[in-house]
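User: Could you go through this one with me and explain how the labels were earned? I'd like the reasoning, not just the verdicts.

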Amino acid sequence: MSVSKNRDTSLHLSNEKQALRRFLSLYIFLVVALLSLLSTFYYQSQEELMFSNQRTVLSTYANEQVKQLKILHHYFPSKTNYPRSDKFKSAIYDIERVYIFSTLENEKVNFDKEIYRVGTKIHFVKLLDDYYLGAHYLFSEIDEDKNWERKTILNIIAFGTVALIILGIFGLFFVNLFLRPMKNSIALLDNFIKDTTHELNTPISAILANIEMMDKSVMNEKNIKKLSRINVAAKTVSHLYQDLTYLVLGHQRTVRDEWIDLEALVTARVEYFYLLAEAKSIKFIIDLEPRKVWIDEAKIARVIDNLISNAIKYNKRGGEIRLILKEEHLMISDTGIGIEKEKISAMFDRYSRFNSSEGGFGIGLNIVKSILDEYKLKVEVNSVIKMGTTIKIYLPMGANLDF
Amino acid sequence: MIKKILLILLSTTLFSTTLFSKEKIEVKQENIFVKKCVPCHEYLPSSLERMFMSYLKVYSGEKTFKESLKSFLRDPDEVSSTMSELFLDRFGVKSKTELSDKELEEAVNLYWEMYNIRNKLK
């Protein structure tokens, strides 16, 4: 019981960590997006503030330049020297945005903004009503004081980091708060499955043991048939119990790898399922060679049981199940409904079922795959619709020791 | 002696000035602007250059300048004239041009090229 509790705890922890990680990733992404947006707004407002300060200065310079242009226009061509100032640079463009003259250091001009930053300069555009010297656009240029930008970036980094930490702490608190009902539900469900599984064991074992002990020689044909049906039903439940037990407890079991006589094990499992197969008039065709593998018996038994159980479940009435054990592989094939090629890759997924008309939870093949993956055993599936399915498990080479 | 030198210098200057103006007239006679526009404007107090600057102050760009000037010359009136009221009262509005579209185009282009300020600013 304590083992089961540990397993549940670790499963919950892993699920919880995964949910926590996903939620936090999403939360942090949203927080970072929000902070970036706020930072952008803050940066833009600071830039606008700087522009409004510079606009006054640049507007004064532009007015001075207009006066100079007016004088030059009046005296042109006697005077041809373009007016210059130490405080700012300037350029004039005509109404068709064609260059007339410029002393700008950065010639990248933008006609569509009143004030803008370009490189390390600030440009201010004044539209002239009287086109002195043909000029409609007057650009004034000054050096940009980068202090505001440094200050703004430092503020963004400092406040952004603090906000990120605070919001992160809030996020952790909220995620725990939101996940609590989910954690409780999972724990409840897990306890239910665990308890139910545990409670199933005793009655099923009792039913199966008593069926074995019953003296069939004193029974009439009708009762023998009824007993056989009870046996089949009990074994079906027992098989389900084994799968559930493996799911709930399997991973926490101590590994008990040993040399297993696969031939004997397969024979025993075929005998176990004999009645189930017989109920559907399915014949077993067995071709087994002696083969031993280093594996946990309970696990390889789950693999064989699930493959045989599926071969019976999805077989047609009066069909066949062929079991071949060779040096290099164990092959189980049936004459059942088959699986579409596109669905083969998904057949080992948990809760995936070949056919909804058949019962089951869709956990059998998932258990098979997890065990085969654990032992790094390759599996090959071939299937033809309405012809049957063949599952081939490649066994580890060089492990068949004579002992 | 000084008188002699001054006389020689004066003679040289006069000779070169005469030669230059002759050359200028020869060049002028080749283009339509000089032939058809300059003669009338020579008698007006406002030079063609000042008129160019007045036009430039109102129309700014080359295309706008040329199109509005052509339009004015084809159909002159007081409203679209860039000259002062005083000038118009004294000299009136000019009469319609007799130049063909092609000649007018050529004359206006020459006018623009002659007084365009772009390459003259320093």
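Here is a short run of questions and answers on this predicted model.

User: What makes strand 2 and strand 3 of chain A edge strands?

Analyst: Each of them pairs on one side only. They are strand 2 (99-102) and strand 3 (115-118), and the order 2-1-5-4-3 puts them at the two ends of an open sheet of five strands in chain A. Neighbouring strands there are turned by 20° against each other on average, direction ignored.

User: How do you know that strand 1 and strand 5 of chain A pair?

Analyst: Pairing takes at least two bridges, and strand 1 (residues 89-93) and strand 5 (residues 137-143) of chain A share five bridges, so they count as a pair. The sense is antiparallel. For one bridge, look at A:Ser90, whose partner in strand 5 is A:Ser140.

User: What share of chain A counts as buried, and what makes a residue buried?

Analyst: A residue needs 20 or more other C-beta atoms within 10 Å of its own. In chain A, 23% of the 403 residues count as buried by that test. The chain has seven helices and 12 strands.

User: Which residues make up the contact between chain A and chain B, by number and by kind?

Analyst: Chain A gives 18 residues and chain B gives 14 residues. On the chain A side, that's 10 nonpolar, five polar and three charged.

Note on methods
Residues are numbered from 1 along each chain as its sequence is written. Chains are lettered from A and ligands numbered from 1 in the order in which they are written. This is a predicted model: local features need pLDDT of at least 70, side-chain atom pairs count only at pLDDT 80 or more; totals for chains, interfaces and linings use all residues. Two residues are in contact if their C-beta atoms, placed from the backbone, lie within 7 Å. Ala, Val, Leu, Ile, Met, Phe, Trp, Tyr, Cys and Pro count as nonpolar, Asp, Glu, Lys and Arg as charged, and the others, Gly among them, as polar. Helices (H or I, at least four residues) and strands (E, at least two) are DSSP runs, numbered from the N terminus. A residue is buried if 20 or more other C-beta atoms lie within 10 Å of its own, exposed if 12 or fewer, and partly exposed in between; C-beta atoms are placed from the backbone. Axes are lines fitted to C-alpha atoms, for helices over the stretch in contact, and angles run from 0 to 180 degrees between N-to-C directions.
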